[in-house]
Amino acid sequence: MNIIKLSPQETADKLAQGATLIDIRSPDEFARSHIQGATCVPAESLSDTHPAIVGKDVVIFHCLSGMRTAQNANKITACTSNCTAYVLDGGLNAWKKAGLPIHTDHTKPISIMRQVQIVAGSFVVLGVVLGVSVSPWFLALSAFVGTGLMFAGLTGFCGMAKLLALLPYNRTLNS
């Protein structure tokens, strides 16, 4: 079953008529920026028994760009068998581009995955620079980080993300 895609303006109109808006991004992404009135239900938590979905007539799902909603279309369809489901085409990015209002909290840290990308990329560059300028043994740092990223991709467990989540500025999102 194909879920009907709505433009940002069509979504705003449906929300004005009482539709429920579900943001399937992670809680840390949601805390930083979201559409006012949206409820955060991460994709991995979607189910037909979730309180944000049960008893609703019209539910609209969105993510940042539309990719996660497309990847989770089967889950979305399964959890909305008793209501009408839509997807915000282009996600939060399209909503912003249309000039519609969002709630942004600049005091919240950037997402854990972006933090991982910044730290991992920095270590790789540092390893290469030190490997070329000081000793080839420093290239092992880049290899170690690359291996960790491959492991995270294959298993879904990212040790660096777990460590970054322990930092004080990330703790408020995890509690």
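# Exercises on a five-stranded sheet and two helices

Five strands build an open sheet, in the order 1-6-5-2-4, with parallel pairing. The edge strands are strand 1 (4-6) and strand 4 (39-40), and each pairs on one side only. Strands pair if DSSP finds at least two bridges between them. Helices (H or I, at least four residues) and strands (E, at least two) are DSSP runs, numbered from the N terminus.

The model is predicted: local features need pLDDT of at least 70, side-chain atom pairs count only at pLDDT 80 or more, and totals for chains, interfaces and linings use all residues. Residues are numbered from 1 along each chain as its sequence is written, and side-chain values use heavy atoms, with hydrogens and water left out.

## Exercise 1: Walk across the sheet

Task: Follow the bridges from strand 1 to strand 4, using the order 1-6-5-2-4.

Solution:

Step 1. Begin at strand 1. Three bridges pair strand 1 with strand 6 in the parallel sense. Ile4 has Tyr86 of strand 6 as its bridge partner.

Step 2. Move on to strand 6 (residues 84-88). Four bridges join strand 6 to strand 5, and the two run parallel. Val58 is partnered with Thr84. Ile60 is partnered with Tyr86.

Step 3. Cross from strand 5 to strand 2 (residues 20-23). Four bridges link these parallel strands. Ile22 stands opposite Phe61 of strand 5. Asp23 has His62 as its partner there.

Step 4. Finish at strand 4. Strand 2 and strand 4 are parallel and share two bridges. On this side, Ile22 faces Thr39. Asp23 finds its partner in Cys40.

## Exercise 2: Check how covered the strands are

Task: Which residues of strand 2 are buried on its two sides, and how many of the five residues are buried in strand 5 and in strand 6?

Solution:

Step 1. Fix the terms. Buried means under 20% relative accessible area, exposed over 50%, and partly exposed in between (1.4 Å probe, protein chains only).

Step 2. Recall the pattern. In a regular strand the side chains alternate between the two faces of the sheet.

Step 3. Take strand 2. Thr20 and Ile22 are buried on one side, Leu21 and Asp23 on the other, so both faces are covered.

Step 4. Take strand 5 (residues 58-62). Four of its five residues are buried.

Step 5. Take strand 6. Four of its five residues are buried here too.

## Exercise 3: Place two loop residues

Task: Where are Pro42 and Ser65?

Solution:

Step 1. Pro42 sits in the loop between strand 4 and strand 5. Its relative accessible area is 12%, so Pro42 is buried. Pro42 and Asp23 are 19 residues apart along the chain, and their C-alpha atoms are separated by 7.1 Å.

Step 2. Ser65 belongs to the loop between strand 5 and helix 3 (67-71). Its relative accessibility is 40%, so Ser65 counts as partly exposed. Ser65 and Lys97 lie 32 residues apart in sequence and 11 Å apart in space, C-alpha to C-alpha.

## Exercise 4: Read helix 6

Task: What does helix 6 span, and which of its residues are buried?

Solution:

Step 1. Helix 6 (residues 112-133) has 22 residues. From first C-alpha to last it reaches 31 Å, close to the 32 Å expected. The expected span is 1.5 Å times one less than the number of residues.

Step 2. Its buried residues are Ile112, Gln115, Val116, Ala120, Gly127 and Gly131. They cover an arc of only 120 degrees around the axis, so they lie on the same side of helix 6. The arc is that of the directions from the helix axis to the C-beta atoms.

Step 3. Turn to the other side of helix 6. Gln117, Val125, Val132 and Ser133 are exposed there.

## Exercise 5: Add helix 7

Task: Which face of helix 7 is buried, and how does helix 7 lie against helix 6?

Solution:

Step 1. Helix 7 has 17 residues, which should span 24 Å, and its end C-alpha atoms are 24 Å apart, which agrees.

Step 2. Ser142, Val145 and Ala152 are its buried residues. They fall within an arc of 90 degrees, so they line one face of helix 7. The face turned away carries exposed Phe144, Met150 and Leu154.

Step 3. The axes of helix 6 and helix 7 (residues 139-155) come within 6 Å and cross at roughly 150 degrees. That makes the two helices roughly antiparallel. Axes are lines fitted to C-alpha atoms, for helices over the stretch in contact, and angles run from 0 to 180 degrees between N-to-C directions. Angles over 145 degrees count as roughly antiparallel, under 35 as roughly parallel, 65 to 115 as roughly perpendicular and the rest as oblique.
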